[in-house]
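Let's take a walk through this structure, one neighbourhood at a time. Have the sequence and the 3D view open as you read.

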Amino acid sequence: MRKNCQNDGCAAPKGLCLKSSTNEHLKCETWLEKNPSIQIGETKKTTDKSICLPWTGEALQPEDISIISERSVPLIVGMVGTADAGKTSFLGMIYTLLFNGGRIKNWGFSGSTTLAAWETLAQYLKITNDGSVNFPAPTSSHPDFYSLYHLALKNDNTFRDVLFADSSGEVFSDWSEDINDDNAENARWIYKSSSAFIFMVDSEALIEKRGRAVSEIVQMAGQLAANLNSRPVVIVWTKSDREAAIKPAIKASIEEDLSELFPESISIKVSNFPKSGKEKICHLNNLLVIESVLLELN
């Protein structure tokens, strides 16, 4: 299981300061306090040694994409949604389903350079002895924090390297209000770099926050739709095991708004909690999302 930095509020993987191919850790006051004798030149030497390793299994950073692009031009899929919409949990479920024999239609799993990161996500979805589930910690909202999860997929005639770009809902909320917000750098990068998007609609938020949730989701969807330039969007309704509790008027309103913003997009309902057996919204629809994105990109 991936261990995070021990400093309060830092969600970077433990040891990233020593592995990073940049000098970003020199901005960390805690690191500098613990390493008063390390000079910038010495740090650079340590950094240079680390980049001899092609990958560590952790989530990739934008500067690591060259590791993948030596083999093919990777497809970047941007995960977009409000805070707690379930973006990271969705990715954990994808890995869990693939690990347990699930298949993406017409595509076979052909490896990953981020297996340790995928495994960390999957660990959070395991049911504990008391029947509860520990969901992933909130994704860091630091503007320099990126998590790119890699899947190598192939069919009879095509090979695909796919990177799923995850970022915090707070960052995307800042971006949806002002695309030039200083705190939204990673959201800007994801929007600019992605070949396709998965847009998350949080069913639970629509139940609990009602109209306020509608406003937040529609505002973010509007910003996403502004400069798509024909890039596909797959709409994903998360936590759909609770769909029945959404007020009909609220559901109809947001469906109408999303239909106008993304007229050619399909909507898929997913959940991480099947009530019995292999329910469609859990065991089939999560993988259907990936199938749909790949189909749109063919």
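Start at Asp202, which counts as buried because its relative accessibility is 3%; buried means under 20% relative accessible area, exposed means over 50%, and partly exposed is in between (1.4 Å probe, protein chains only). Before going on, a word on the source: this is a predicted model, where local features need pLDDT of at least 70, side-chain atom pairs count only at pLDDT 80 or more, and totals for chains, interfaces and linings use all residues. Residues are numbered from 1 along each chain as its sequence is written, and side-chain values use heavy atoms, with hydrogens and water left out.

Which residue does Asp202 pair with? Its salt-bridge partner is Lys239, with the closest N and O atoms 3.2 Å apart. A salt bridge here is a side-chain nitrogen of Lys or Arg within 4 Å of a carboxyl oxygen of Asp or Glu. This pair links distant parts of the chain, 37 residues apart: Asp202 is in strand S5 (residues 196-202), while Lys239 sits in the loop between strand S6 (233-238) and helix H11 (248-261). Helices (H or I, at least four residues) and strands (E, at least two) are DSSP runs, numbered from the N terminus. Unlike buried Asp202, Lys239 is partly exposed, with a relative accessible area of 22%.

Next up is Glu208, which forms a salt bridge with Arg242, the closest N and O atoms being 3.7 Å apart. Glu208 lies in helix H9 (residues 203-208) and Arg242 in the loop between S6 and H11, so this pair ties together parts 34 residues apart in sequence. Glu208 is exposed at 56% relative accessibility, and Arg242 is partly exposed at 30%.

For a pair within one helix, look at Arg212 and Glu216, whose closest N and O atoms are 3.9 Å apart in their salt bridge. Both are in helix H10 (residues 211-226), four residues apart, or about one turn of the helix. Arg212 is exposed at 53% relative accessibility, and Glu216 is partly exposed at 30%. Back with the earlier residues, salt bridges that share partners join Asp202, Glu204, Glu208, Lys239 and Arg242 into one network. How many salt bridges are there by this rule? The count comes to ten.

Now for the rings. The structure holds eight aromatic pairs, meaning rings of Phe, Tyr and Trp (its six-membered ring) whose centres lie within 6.5 Å; planes under 30 degrees apart are stacked, over 60 edge-to-face, and the rest tilted. One of them is the edge-to-face pair Phe172 and Trp175, 5.6 Å centre to centre with 85 degrees between the planes. Both of these residues are buried, and both belong to helix H7 (residues 169-177), three residues apart. Elsewhere, ring pairs link Tyr95, Phe99, Trp118, Tyr149 and Phe164 into a cluster.

Phe164 also turns up beside Ser147. Leaving aside neighbours within four places in sequence, Ser147 contacts Ala59, Leu60, Phe164, Ala165 and Asp166, where contact means heavy atoms within 4.5 Å. Ser147 is part of strand S3 (residues 147-154) and is buried, at 3% relative accessibility.

Finally, visit two loops. Asn106, between helix H5 (87-99) and strand S2 (108-109), has a phi near 75 degrees, a positive value in a residue other than glycine. Asn229, in the loop between H10 and S6, also has a positive phi, near 55 degrees. Asn106 is exposed at 58% relative accessible area, and Asn229 is exposed at 66%.
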